[in-house]
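Here is a short tour of a protein model for the bench. Please have a look at the sequence and the fold before reading on.

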Amino acid sequence: MQKFCFSCGMPVGGKTAGPAENYCVYCTDDQGTLKARNEIRDGIGQWMQQWQGVDRETALKRAERYMAAMPAWAEQ
Ligand SMILES: [Zn+2]
């Protein structure tokens with residue numbers, strides 16, 4: 001069954017599988033600890049900026065909204 005990262009929603013498996021069971025390799029450090037919320041938001045923001053062609057401020061707002069639906073960040 002396909003697993004998705006609880007933090008960023010990326011499919012987890014093969015190259016994107018990291019030390020933590022529920023997160024992709026990009027969202028944790030070498031020990032499998034989830035990175036800081038700001039760091040994840042910046043990463044998703046960068047991805048949205050490139051993918052959607054919006055400015056950084058808009059991309060970060062969209063990243064915030066996107067993260068609100070993620071299990072790792074929904075409660076914060
Ligand atoms: Zn992730």
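The report below goes from the overall fold to one helix.

This is a predicted model, in which local features need pLDDT of at least 70, side-chain atom pairs count only at pLDDT 80 or more, and totals for chains, interfaces and linings use all residues. Residues are numbered from 1 along each chain as its sequence is written.

The protein has two helices and two strands, in the order β-β-α-α from the N terminus. Helices (H or I, at least four residues) and strands (E, at least two) are DSSP runs, numbered from the N terminus. Its C-alpha trace spans about 35 × 25 × 25 Å along the principal axes, and 17% of the 76 residues count as buried.

Now to helix H2, residues 56–67. At 1.5 Å a residue (the expected span is 1.5 Å times one less than the number of residues), its twelve residues should span 16 Å, and its end C-alpha atoms are 16 Å apart, which agrees. A residue is buried if 20 or more other C-beta atoms lie within 10 Å of its own, exposed if 12 or fewer, and partly exposed in between, with C-beta atoms placed from the backbone.

| Residue of H2 | Burial |
|---|---|
| Ala 59 | buried |
| Ala 63 | buried |
| Met 67 | buried |
| Glu 57 | exposed |
| Arg 65 | exposed |

Ala 59, Ala 63 and Met 67 are the buried ones. They cover an arc of only 70 degrees around the axis (taken from the directions from the helix axis to the C-beta atoms), which puts them on the same side of H2. Glu 57 and Arg 65 lie on the other side. Helix H1 (37–52) is among what covers the buried residues of H2.

Conventions
Contact = placed C-beta atoms within 7 Å.
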